[in-house]
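Work through the exercises below with the sequence and the 3D structure open. Try each task before reading its solution.

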Amino acid sequence: MNPVQLPLLNPPLKGFLRWAYTLSITSVHEETIPWYYSNFIQLSCTKKFLEDGRQYFVDFFRGMPNELHYNNPFLVTCSVDYTILETLQLDAWPKFFADLIRNDYYCVVFLDEARLSPAASYQKEPFPHHLFLYGFDWDESVFYASMFDHTGVYRNLQISFQEFQDAVQSMRQLLKENLTADHQTYFYKYEPHSPYPFDKTTAIDQLRDYLNGETHLNRINYNPDEEAYGIKVYDYLQMYYDAVENNDSRLGDRNDVRHLHVLWEHKKMMSERIGYLVDEGIIPYDEELVEGYKDVTKRAMKLRDQYIRHEIREDKAVFERLRLRFDQFRDEEPVLMQKLITLLEG
């Protein structure tokens, strides 16, 4: 039996797997590009992480639900939980998922990543997580998968059927003992959409929300008061890194570099969007805007890299650089975004 691999590309955003998994599917298709650049403008973050001990998160924001839950217009989505999958014998799982892939479904399986040898959590404490399957080789008894490996790099690799079954069985046991919640398994099929030209209205609304530190996306379905949005994210980023610098005991689980990686991805995305808008003739070339966001992007990437080096060899001066950059971005972005709004409004 010949190996089967569904098409995918290296995703443009990797800070969280909800973006990496879904965008690796849609980025293959050129018709999705105007939709992509119409979105991914807003940021949100956790506000009460010091008050209630929750983990701090900063991420792109596209309203509720998140991207795994039916929020991408180009993906037909199905989801099931372990209550439904429980009827499936463990040795039948590889064929079940291989058959779905053969029928053009990408699979995002909820399992215990600590049982997968490429994972950073391998043979450590249980790590409930989603694994992306896009192909298989039945003769070699492997799935083609995408994930963050033990070095923290997002890449495509192979997972043996045996490790896959071990990870599923471990998740079954964790659920049986009520040690974790079921975050469901998802199936995605790419479906061509009716023409989706770049949406100026959507982009302008998100830019204004960012500048005002608020959101109007899908508010009928949730209360946004628990999170900060847009320009206000800098206040909470600063609060977070102040707490890290001072070894604040109220901090929950930490992921210091990821926050700076997402910040860099946001600036990179904004810069690439501006380039796209100029190339497509949607806005005229404006040197201050183009070069301004390129410069912000470079400084954001340098800041992330400096923090990575700090984690290898401590450098307390990095916290002063964080304060300086957050203040600079907080001052510079409103000027650049307002210029972009003006150009989009024509």
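The exercises cover helix packing, single residues and backbone angles.

The model is predicted, so local features need pLDDT of at least 70 and side-chain atom pairs count only at pLDDT 80 or more, while totals for chains, interfaces and linings use all residues. Residues are numbered from 1 along each chain as its sequence is written, and side-chain values use heavy atoms, with hydrogens and water left out.

**Exercise 1.** Describe how helix α7 packs against helix α11.

Solution.
- Step 1: Locate the helices. α7 spans residues 200–212 and α11 spans residues 318–345. Helices (H or I, at least four residues) and strands (E, at least two) are DSSP runs, numbered from the N terminus.
- Step 2: Take the geometry. Two packed helices are described by the angle between their axes and the distance between the axes. Here the angle is about 155° and the axes are 10 Å apart. Axes are lines fitted to C-alpha atoms, for helices over the stretch in contact, and angles run from 0 to 180 degrees between N-to-C directions.
- Step 3: Classify the angle. Angles under 35 degrees count as roughly parallel, over 145 as roughly antiparallel, 65 to 115 as roughly perpendicular and the rest as oblique. α7 and α11 are therefore roughly antiparallel to each other.
- Step 4: List the contact (heavy atoms within 4.5 Å). On the α7 side, the residues include Ala203, Ile204 and Leu207; on the α11 side, they include Pro334, Met337 and Ile341.
- Step 5: Sort the contact residues by class. Ten are nonpolar, one is polar and four are charged. Ala, Val, Leu, Ile, Met, Phe, Trp, Tyr, Cys and Pro count as nonpolar, Asp, Glu, Lys and Arg as charged, and the others, Gly among them, as polar.

**Exercise 2.** Repeat the analysis for α10 and α11.

Solution.
- Step 1: α10 covers residues 287–312. Its axis comes within 10 Å of that of α11, and the two cross at roughly 155°.
- Step 2: That makes α10 roughly antiparallel to α11.
- Step 3: The contact between α10 and α11 has 16 nonpolar, four polar and seven charged residues.

**Exercise 3.** Is Thr32 buried or exposed, and what does Thr32 touch?

Solution.
- Step 1: Thr32 sits in the loop between α1 (17–26) and α2 (33–38).
- Step 2: Its relative accessibility is 1%, so Thr32 counts as buried. Buried means under 20% relative accessible area, exposed over 50%, partly exposed in between (1.4 Å probe, protein chains only).
- Step 3: The Thr32 side chain reaches the backbone oxygen of His29 at 2.8 Å.
- Step 4: Not counting residues up to four places away in sequence, Thr32 touches Thr26, Ser27, Phe74 and Tyr190.

**Exercise 4.** Place Gln238 in its surroundings.

Solution.
- Step 1: Gln238 belongs to helix α8 (residues 233–245).
- Step 2: With a relative accessible area of 13%, Gln238 is buried.
- Step 3: Leaving out residues up to four places away in sequence, Gln238 touches Leu322, Arg323 and Phe326.

**Exercise 5.** What is notable about phi in Ser141 and in Asn178?

Solution.
- Step 1: Most residues other than glycine have a negative phi.
- Step 2: Ser141 has a positive phi near 60°, and Asn178 has a positive phi of about 55°.
- Step 3: Ser141 lies in the loop between β6 (128–137) and β7 (142–148), and at 33% relative accessibility it counts as partly exposed.
- Step 4: Asn178 lies in the loop between α6 (161–176) and β9 (185–190), and at 68% it counts as exposed.

Terms used:
A polar contact is a pair of N or O atoms within 3.5 Å; within protein, one must be able to donate a hydrogen and the other to accept it, and residues adjacent in sequence count only if both atoms are side-chain atoms.
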